[in-house]
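This briefing covers helix packing, a metal site and backbone geometry. The structure comes first, followed by the points by topic.

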Amino acid sequence: QAKDKEWWIKAFSQFCNKTANEEEEIVHKLLGDKFKGQLELLRLLFTEALYDEHLSRWFTPEGFRSLFALVGTNGQGIGTSSLSQWVHACDALELPVLQREELDAFIDQLYKDIEKESGEFLNCEGSGLYVLQSCCNHSCIPNAETSFPENNFLLHLTALEDIEAGEEICISYLDCCQRERSRHSRNKILRENYLFTCSCPKCLAQADDADVTSEEEEEGEGETDDAELEDEMTDV
Ligand SMILES: [Zn+2]
């Protein structure tokens, strides 16, 4: 839809869009056999709805796969919730005891009523591509983190410790629960989703650990393939 299509094509080409890491023989999990059918269906739907001859390269099977890998490896999840922002503002109000109790009771009831209709999940979620932030490599002990404190798409990159001039700024591609898992489990996620094996100081220090799978992951293995499939597709 953009007027200056060439500019956008150039902007997109700044992101890594490799579908495989040939040196390490890793292929993005979304491009494996498991997702073949869904991916082709999506490509046909995208073509029907959005085809533009300027972008024809992204509508071929190979081009669509690389576009998908681009979003999969560079996309930053963005979650915002105007409701939780409002509740935080309510919490900050200085109120007489009785009014505070009334307001808290109202909010409790509101959450219960909403849950009946929409479930617990109240965030507006999306994925964004950020040119600078996507340059940050991963570390299992990152020195910076990404957040969205303004409750919109404006990304903040915050240092978690003092960073020397010339020192690499690293974020974590894993959430904090995943970071607590064994080196083996962490690297399984990183290989499947980001096509690399981590060699951060934590992984190097644990290099001699046995290839154990974390308990959390073993518990998760009971999930049905369909639930897992759905989860992985919505992640992207
Ligand atoms: Zn690591």
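**Helix packing, metal site and backbone**

In this predicted model, the axes of helix 4 (residues 82-92) and helix 5 (residues 97-118) come within 11 Å of each other and cross at roughly 165 degrees. Angles over 145 degrees count as roughly antiparallel, and helix 4 and helix 5 are therefore roughly antiparallel to each other. A second helix pair, a zinc ion and two residues with positive phi are also described below.

**Helix 4 and helix 5**

- The crossing of helix 4 past helix 5 is left-handed.
- On the helix 4 side, the contact is made by Leu-83, Ser-84, Trp-86, Val-87, Cys-90 and Asp-91.
- Helix 5 contributes Arg-100, Leu-103, Phe-106, Ile-107, Leu-110, Tyr-111 and Ile-114 to this contact.
- By residue class, the contact of helix 4 with helix 5 has 10 nonpolar residues, one polar and two charged.

**Helix 2 and helix 3**

- Helix 2 (residues 36-50) packs against helix 3 (residues 61-74) at an angle of about 100 degrees, and their axes are 10 Å apart.
- The range for roughly perpendicular is 65 to 115 degrees, and helix 2 and helix 3 are therefore roughly perpendicular to each other.
- Leu-39, Leu-42, Arg-43 and Phe-46 of helix 2 meet Pro-61, Phe-64, Arg-65 and Phe-68 of helix 3 in this contact.
- The contact of helix 2 with helix 3 comprises six nonpolar residues, no polar ones and two charged ones.

**Zinc site**

- Four SG atoms coordinate the zinc ion at 2.3 Å, those of Cys-140, Cys-198, Cys-200 and Cys-203.
- Along the chain, the donors of the zinc ion have the spacing C-x57-C-x1-C-x2-C.
- The angles among the four donor atoms of the zinc ion run from 103 to 114 degrees, and the site is tetrahedral.
- For four tetrahedral donors, the ideal angle at a metal is 109.5 degrees.

**Positive phi outside glycine**

- Most residues other than glycine have a negative phi.
- Asn-151, which is not a glycine, has a positive phi of about 60 degrees.
- Asn-151 lies in the loop between strand 6 (144-147) and strand 7 (156-159).
- Leu-195, also a residue other than glycine, has a positive phi near 65 degrees.
- The loop that holds Leu-195 is the one between helix 7 (183-194) and helix 8 (201-205).

Key: Residues are numbered from 1 along each chain as its sequence is written. This is a predicted model: local features need pLDDT of at least 70, side-chain atom pairs count only at pLDDT 80 or more; totals for chains, interfaces and linings use all residues. Side-chain values use heavy atoms; hydrogens and water are left out. Axes are lines fitted to C-alpha atoms, for helices over the stretch in contact, and angles run from 0 to 180 degrees between N-to-C directions. Helices (H or I, at least four residues) and strands (E, at least two) are DSSP runs, numbered from the N terminus. Angles under 35 degrees count as roughly parallel, over 145 as roughly antiparallel, 65 to 115 as roughly perpendicular and the rest as oblique. A crossing is left-handed if the near helix is turned anticlockwise from the far one by less than a right angle, and right-handed if clockwise. Contact means heavy atoms within 4.5 Å. Ala, Val, Leu, Ile, Met, Phe, Trp, Tyr, Cys and Pro count as nonpolar, Asp, Glu, Lys and Arg as charged, and the others, Gly among them, as polar. Donors are N, O and S atoms within 2.8 Å of the metal (3.2 Å for Na, K and Ca); water is not among the atoms, so sites may look incomplete. Four donors count as tetrahedral if all angles lie between 85 and 135 degrees; four count as square planar and six as octahedral if opposite donors are over 155 degrees apart and all others between 65 and 115; anything else is irregular.
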